[in-house]
Structures are given as C-alpha cells and as structure tokens.
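Dear colleague,

Please find below the structure that I am handing over to you. I would be grateful if you could look through it before reading the notes that come after it.

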Amino acid sequence: MVLPPGGTVLDALDAYLEARWDGAVGQAAEVPEQRAGEGALAGWVRERLRELPPGPTADSALRAGTLLREFRSRRSAWNAAALRLLDDTYTFVATGPRRHDDWAHDVRAVMHRSVRDPRGWIRLDGDRAGDVRRALPAYPFDPPDAAGFPARLRSVDADTAVGALAVMAEEWQGEAAPVRTRPDRDALQADARVLLDRYGAGACYWTNATTTAAGGLDFVAAGLAGTRSHSFLTSAYVGGLDLLEDLGLIAVSADEVGVFWSIGAY
C-alpha cells in the first residue's frame with residue numbers, strides 16, 4: 001500500500017485497519033509500506049498486525065477493530081478522550097476545516113463526510129460504511145441548508161458545552177445510570193473538556209437543544225431523556241430503524257468546526 005500524497009505512515013495504518021475492521025480487505029490488500037524512522041507507535045502496530053488472522057472473517061474484523069481502537073487511543077490524548085466518553089453510545093464525532101465565514105457550510109460538509117479531520121484525529125461514525133449512504137449521503141442527518149441553521153441552533157458558553165458533551169455518554173432509552181449519578185462524573189466532564197480544548201479559548205459553541213426538563217440548559221442535571229431539541233436527523237425509515245431524538249453540539253474556531261451528535265433510535 002503506497003502512501004497517499006500528504007499522508008503519514010500512521011494515517012495509512014489507520015486506514016488499513018479501518019478497512020480490515022469493515023471487512024473490506026479488497027480495499028487494503030497490503031499493509032502500508034514501511035519507511036525508515038517510522039517511530040515506536042508504527043512499530044507497535046506492525047507487530048500487532050502479525051497477530052491478526054487473515055480475513056475477511058467476523059473474527060478478523062473484530063480483532064482489527066479492537067486493535068484500531070487501541071492504536072487510535074495511543075495516537076493522541078484527544079482520541080483517547082473521545083473513545084472513553086462516546087464510543088459506547090450512538091454518536092457522531094467529527095471535525096473538519098473551517099473555510100467559510102458562515103460556518104454552517106463547513107458543518108454540512110462534515111455531516112456529508114466530504115472533508116477529513118485537519119489533524120488526522122479520530123472520528124466516531126458507525127454509519128460511515130453503511131449502504132444507506134448511497135441514497136442518503138449525510139445519513140443519519142438531513143441537515144438544513146446553511147441558511148436554516150440559525151433557526152435550529154442556540155449559542156451556549158463553554159461550561160454549558162462541556163455538560164452537553166458529557167451527557168452524550170448516556171443512552172436515550174432505558175438509561176440505568178445517568179451521568180449525574182455516576183461516580184466517574186468528574187472524569188466524564190474532564191474528557192469533555194479535553195475534547196473542547198482542541199478548539200481553543202476563542203471557540204464558540206452552539207446546540208440544537210431548546211429546553212431541558214428544568215427549563216434551562218443544565219444538560220447533566222436533566223439527562224438526555226429530559227432534553228428537547230430541533231432535529232437534524234433524517235425521517236427516512238431504513239433497515240427497521242427509527243431515528244427519534246438527537247442532541248448536537250457544534251464547536252467553531254477560526255480554523256475548525258467540531259460536530260458532536262448523540263442519536264436516539266428504535
């Protein structure tokens with residue numbers, strides 16, 4: 001596998017493992033070519049790759065996914081925080097470049113997966129390889145045009161944004177342990193701060209939430225079940241799955257837009 005222009009060995013290894021995880025061996029038939037001075041992390045991944053069974057099999061894909069998760073955690077503290085906080089729930093997490101004064105255009109590009117993370121950091125996107133995206137490229141989203149964003153969003157401060165992000169660790173239905181009751185509540189909020197620190201002290205934050213159960217925007221106190229919002233989700237019924245509630249947080253800096261979305265589905 002030859003490295004793409006501008007790509008790093010770690011990026012290529014990430015792409016290779018993701019293809020193995022998806023079972024798409026034909027897209028990644030060869031391990032990325034080795035280069036001098038790759039570094040300890042690349043060497044560690046190459047050693048672990050030798051332990052993977054050949055694919056495509058369910059076992060091979062599962063083990064590739066497990067290795068990919070650990071590899072991504074080791075690449076950066078931001079990746080590790082995203083995985084700890086949000087990898088166990090139905091969430092979408094991705095960052096793209098900011099190229100417009102009206103950043104809604106950039107958020108739409110992230111939702112359509114038409115841009116990559118400027119730093120090569122992790123995205124959480126369980127729908128990225130779904131067949132449904134052939135018909136609905138932004139699935140599970142159906143975002144409005146850029147002009148429609150202001151009517152569906154409200155500005156929040158940094159502390160409120162931390163709460164919105166932390167509460168995404170909950171499930172929408174049947175949550176047995178809301179974040180407000182968890183002994184690791186402070187650790188969850190610390191991970192949320194790590195994620196938002198990426199965008200800098202001058203970042204602005206926006207949410208699609210309208211109210212919470214208490215009438216304000218204390219997300220942790222209300223929990224996901226107590227949050228109401230303007231929906232950005234598609235109404236399409238695909239594969240027996242209804243998409244119902246959603247809570248989104250958008251981070252906007254001078255250079256990047258971060259999109260964090262929790263999705264409730266039946």
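The notes below set out what was found.

This is a predicted model, in which local features need pLDDT of at least 70 and side-chain atom pairs count only at pLDDT 80 or more, while totals for chains, interfaces and linings use all residues. Residues are numbered from 1 along each chain as its sequence is written, and side-chain values use heavy atoms, with hydrogens and water left out.

I begin with helix 8, residues 185–197. Helices (H or I, at least four residues) and strands (E, at least two) are DSSP runs numbered from the N terminus. With 13 residues at 1.5 Å a residue, helix 8 should span 18 Å, and its end C-alpha atoms are indeed 18 Å apart; the expected span is 1.5 Å times one less than the number of residues. Its buried residues are Leu-188, Gln-189, Asp-191, Ala-192, Leu-195 and Leu-196. These residues lie on the same side of helix 8, because they cover an arc of only 155° around the axis, taken from the directions from the helix axis to the C-beta atoms. Asp-186 and Asp-197 are exposed on the face turned away from that buried side. Here buried means under 20% relative accessible area, exposed over 50%, and partly exposed in between (1.4 Å probe, protein chains only).

The buried residues of helix 8 pack against several elements, including helix 4 (77–86), helix 7 (158–167), strand 7 (243–252) and strand 8 (256–265). Contact means heavy atoms within 4.5 Å.

Strand 8 is largely enclosed by the rest of the structure, since 9 of its 10 residues are buried. Strand 8 runs antiparallel to strand 1 (residues 91–97), to which 7 bridges join it; there, Phe-260 is the bridge partner of Val-93. Strand 7 and strand 8 are also antiparallel, with 8 bridges, and a hairpin of 3 residues joins them. Two strands pair if DSSP finds at least two bridges between them.

The largest nonpolar core has 36 residues, and those with the most contacts inside it include Leu-195, Leu-196, Leu-249 and Phe-260. Helix 4, helix 7, helix 8, helix 9 and strand 7 each supply at least two residues of this core. Apart from it lies another core, of 23 residues, among them Phe-141 and Ile-250. A nonpolar core is a set of buried Ala, Val, Leu, Ile, Met, Phe, Trp, Tyr and Cys residues joined through side-chain atoms within 4.5 Å.

Yours sincerely
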